[in-house]
Every structure is written in C-alpha cells, then in structure tokens.
Amino acid sequence: MSGAPAGAASGSDATRAEVCVVACAEAWRGDGEVLAAAMGVCSVLGARLARLTFEPGLLTTDGGALLTAEPIPLGAPAGAVEGWMPFRDHLWLVLNGRRHVMMGASQIDRHGNTNISAIGPWAKPVSQLLGVRGAPGNTRLNPTSYWIPRHSTRVFVERVDTVSGVGTDRGAHGLRRVVTDLGVFDLGGPGGTMRLLSAHPGVEVAEIIGRTGFALDVPAEVPETRRPTGEELRLIREVLDPEGRRDREVRP
Amino acid sequence: MTAPGRTAGTGGEPVAAGGAGKVMTAAEVAATLESGMTVGVGGWGSRRKPMALVEAVCRSPVTDLTVISYGGPDVGLLCAYGKVRRVVAPFVTLDSIPLEPHFRAARQNGVIEFTEYDEGMFMFGLYAAAHNLPFLPTPAGLGSDVMAVNPGLATVRSPYGGQEVVAMPPLGMDVALVHMNRADRRGNGQYLGPDPYLDDLFVKAAGRAYVSCERVVDVLDEGPPQTLLISRMHVDGVVEAPGGAGFTDCAPDYGRDEAAQRAYATAAADPEAWAAYRKTIDEGAER
C-alpha cells in the first residue's frame, strides 16, 4: 500500500485511462450495499476504486464466484472472502435487484438500447458476437451503466442491429451512466435520450459529436470530467492496477 | 415420480464400492447418442466443459444435434464437426477470448439455427425442465429482441395483479453431458471448484445423463457434503477422464490452459491449421 510519498501524484498528470476509471467509479456513487458487477478493465477498476474511497458499502468480486473481503488488485487471487456468488446466484440477484451492473456494448443508440449479440441481420449475421448474455434481464431489472473504451460512430449508432440490452424506450429499469474514452453521458435528454454530461480533459465537444452517429443532447456549457485526486491515482497505480492494464484498454 | 424417459437408478441396488457400477468409456457414451437428439452440455463458457465427452461425440457418426449450453468450445467444436442443427444458448464464448471462432463461422455461414435466450431465462428453462414445470415466469427478456427472434415465446399476466412476464418454457433434453472433479462408480458427482455452474440442473433436465470426471474414487471425501452436486439417481454413466475438461478451467485440478486455448482459436482461422488440429482430435486416444 505504501510507495510514493503522499501527494506525489496529482490529477493534472492523470492519463486518459485513469480519468475513465474515476468516471466509471462515479457511476456507483450513492449505491450503498449492492453488488457492483463490472465488465472491462476500467469498469472493474472503477468499482473497486469506488469501494476503496467514497462508496465503501459496495460488494465486489474476484472476477469469479467470490465476494472479496476487500477490493483486490486486477488478476490477484481473492484472498479473504466475505461471500459466495456463483453464476446461478448472480442470475437470481438480477431478479432480487441489489445490483448495479456496468456492461460493455458493441452498439448503442440514443435511447441506450445496446447490442452485444450480432452485427447485421440476426438470422445470418455479418459478425456474430457474444450473444445477448444477461443484457436483457440486467437492463430490465437492475440499474445499468455502460463502459465503452472506444467511442466511435461504429458503436454510437442510430439503430442497433439486435436489441440485447433495453433502452429507455423499451422498458429499461434505469440507465445511469455511459462512460467512454471521450466523455460521460446519461439518458437525461429529451424523451430519455443520450445527453453529454462531461468531456474528459483534453477532449473537444466537437470531437464527441463527430464520433457519435446520432443526434446527441449537448448542453450549452459542458463541464470537464472530474480529474482523479492524488489519492485516487495512488490507489489505481500502486494498489489496484500496478501492471498498467488500464493503459492497454485506453491508450495513453 | 420420474422424468419422462428416465432410465437411471432403475436397478435399485447401489453399487458396492469397488464394483464396476456405471463406469464406461467416452466412446460408449457417444455411442448412446442418436442423430437428431437434444444434448445439454454443462459448464459455463470455457469453464469445466466435458470436452473428453464432446470430442468422443465429434468422433462418432451422430449428426443433426440440438445443443443446449452456456456455450464455450463445446459448442464450437461440435459446430466445426458439422454435428449441430441448432444451438440453444445465451452466449458462446471462450471467456479470455471473447468470440468463439467456429460458432461465429457457423452463424455467419448460416449453417446452424440459433435459439437465443437471456442467461437468466435460460436458467429458468433448466429449472422448469428439471422440475417438470410447464414454464417459469420472469421479466427478463421483455423489451429485448429475444422476444422478436423467438416468436414462439409467450408472455403471461400474473393472476395476482396483472404484471406481464415471460413464460420461459422448459429446456428439456435427451442427454446431458457434464464434467466433475470427482465421481464414484455409482454415479455421484462432486465439484471441488468455486462454482457449480448449472450442472445439477442439466442432469435433472435430461432423459439420460453422463458424468465424466478427473478421477473416480471409492469415497467422495475431498470436500464437504454440499460439494456433492450430482446424485446417482440422475446419472446413467460415469467416465474417468483425467484432463477431461480439455483446455477449459477445471479448478482446483487445473486452471484454463490459455496457450492451448489460443492454439485452438488460432487454428480455427486457417483451414490447413484446422485440419492439423482436427487430426489430433480424430486420433485422440480413448480416455
């Protein structure tokens, strides 16, 4: 836990990936004692960082069936555990509801409908992806956020090819945040459409609009995404991800 | 009350420890399958998949199978061998390699049919089949294209208040194949890793079930009673298959062999490399 002297790192030298980790962490703020189910490196780091700092009630896993007593570094063994959550219990917990999931998406539209199943016609896809996985149930029954490491017009589309996760126009339980490598969004625009909440440091709003394939709700004033604190940077760099796997997901 | 078509446990007398019991070979298991059958495969993604049994099915003449699985290389390999008419799954993945190459190719070439369910719906389908229920209600799936691509999927309204839910039908199967860490000759199966997956439901949902295992033992005493996941009352055959989960995770006996899995996925991308890879399965020694 110890290393560089306190205060050595500050928000101004944070990498884009580190900004994304903190933006993902913010999605769970105020959730209390719920399972933070995360997919993707920055998302997993965000859940564990939130638990280590401002949201200590969160429950996090070892990436498998174990609820760890403390947030653990990426890829580390579970160590002490506080609970057991095999896949079947994850699926029951979806129905129970004490869970806020942050998923990935290969396509997302302006209402937050997402696709992880297939690109092109479902009957004979151009590109078969994972399948719908738990996305239909997650989005119908749990607060859901998304982590999308590469914001582009290929992902942010007018219409998703297959609706795996449901959006605000299809009965979503509650879509909280969409975090990308460029900015932070919610579904608070007109009619439950996607709205830009903040642009990451160094990102122009015009770039976000240009890399989004639908009309985005953009307020007149767009704040900058919160920079990590010195303590958050220390936790990310020295405790949670000393191997720097976050930088392989979002290039510095 | 027994499930339709169940043949297990009809002998009455438990097998004495040390007796031959239900022990058989993977090839003998494969020989019990018939073309057109529905086969459920336990495990999850690239975790504790009964690959020795799946490879034996690949070497057998059966075809036209419907495969029910939280899919991994089991689905991929059966697709690569042309054994599959339909896949029923919420996903097919190798976990550390997200997309399963043979399943992708089969879908993109339009050579298999696909019934796609949400993971929770799929589990309820297994629960329904395992307990002879006509359906189980769940809100999961509503609003998504799972409803559109499964036109036979019905919704019902609660008689207690009107909430609309999906009536998930039972995912019954002719045969279930699962891989355990340990089993005894009578057919009791034990998992020693962190997750049972849904293997107990698969064997209960099946007309016949076959359990491969890392080691057949006289006494299943390596874990507490709750690790005794599968009861002999549901099991027709036991196969001792050390390394029988192939490159998939089989904790605590072994973790996923990432290099072997990469070799599998890499070979899939090139016809010549795949022919060579396939030869090793075709000529696989009987386990």
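## Exercises on a two-chain predicted model

In this predicted model, three salt bridges are found by the rule across the interface of chain A and chain B. Let's work through what surrounds them.

**Exercise 1.** Describe the interface between chain A and chain B, starting from its salt bridges.

*Solution.*
- Step 1: Look at A:Arg170, which forms a salt bridge with B:Asp145. The closest N and O atoms of A:Arg170 and B:Asp145 are 3.9 Å apart, and the cut-off is 4 Å, so the pair qualifies.
- Step 2: Add the polar contacts: 20 residue pairs, both at pLDDT 80 or more, are counted between chain A and chain B. On the side of chain A that touches chain B, the elements giving two or more residues are α3, β8 (127-128) and α4 (135-141) of chain A.
- Step 3: Count residues in contact: 34 of chain A meet 42 of chain B.
- Step 4: Turn to area. About 3,200 Å² is buried between chain A and chain B, with carbon and sulfur atoms giving 57% of it. A:Phe87, A:Arg88 and A:Trp122 supply 24% of what chain A buries against chain B, more than any other three residues.

**Exercise 2.** Find where the largest nonpolar core lies.

*Solution.*
- Step 1: Gather its members. This core has 50 residues, and B:Tyr70, B:Tyr117, B:Phe122, B:Leu126 and B:Phe202 have the most contacts inside it.
- Step 2: Trace the elements. Those giving two or more residues include α3 (87-96) of chain A and, from chain B, α5 (119-130) and β10 (206-216). The most comes from α5(B), with nine residues.
- Step 3: Bring in the domains. Domain 1 (26-133 + 170-282) and domain 2 (134-169) of chain B both contribute residues, so the core lies between them.
- Step 4: Check one member. Beyond its neighbours within four places in sequence, B:Tyr117 is in contact with residues including A:Val132, A:Arg133, B:Phe122 and B:Met168.

**Exercise 3.** Which backbone features stand out at B:Arg48, B:Tyr197 and B:Pro252?

*Solution.*
- Step 1: Recall the background: most residues other than glycine have a negative phi, and most peptide bonds are trans.
- Step 2: Take B:Arg48, where phi is positive, about 40 degrees. B:Arg48 sits in the loop between β1 (38-41) and α2 (51-59) of chain B and is buried, at 2% relative accessible area.
- Step 3: Take B:Tyr197, whose phi is also positive, near 50 degrees. B:Tyr197 is in the loop between β9 (189-190) and α7 of chain B, and its 5% relative accessibility counts as buried.
- Step 4: Finish with the cis peptide bond from B:Ala251 to B:Pro252, with omega near 0 degrees. B:Pro252 belongs to the loop between β11 (237-240) and α8 (258-268) of chain B.

Conventions
Residues are numbered from 1 along each chain as its sequence is written. Chains are lettered from A and ligands numbered from 1 in the order in which they are written. This is a predicted model: local features need pLDDT of at least 70, side-chain atom pairs count only at pLDDT 80 or more; totals for chains, interfaces and linings use all residues. Side-chain values use heavy atoms; hydrogens and water are left out. A nonpolar core is a set of buried Ala, Val, Leu, Ile, Met, Phe, Trp, Tyr and Cys residues joined through side-chain atoms within 4.5 Å. Buried means under 20% relative accessible area, exposed over 50%, partly exposed in between (1.4 Å probe, protein chains only). Helices (H or I, at least four residues) and strands (E, at least two) are DSSP runs, numbered from the N terminus. Domain bounds come from an automatic or database domain assignment. Contact means heavy atoms within 4.5 Å. Buried area is the accessible area (1.4 Å probe) that two parts lose on being put together, summed over both. A salt bridge is a side-chain nitrogen of Lys or Arg within 4 Å of a carboxyl oxygen of Asp or Glu. A polar contact is a pair of N or O atoms within 3.5 Å; within protein, one must be able to donate a hydrogen and the other to accept it, and residues adjacent in sequence count only if both atoms are side-chain atoms.
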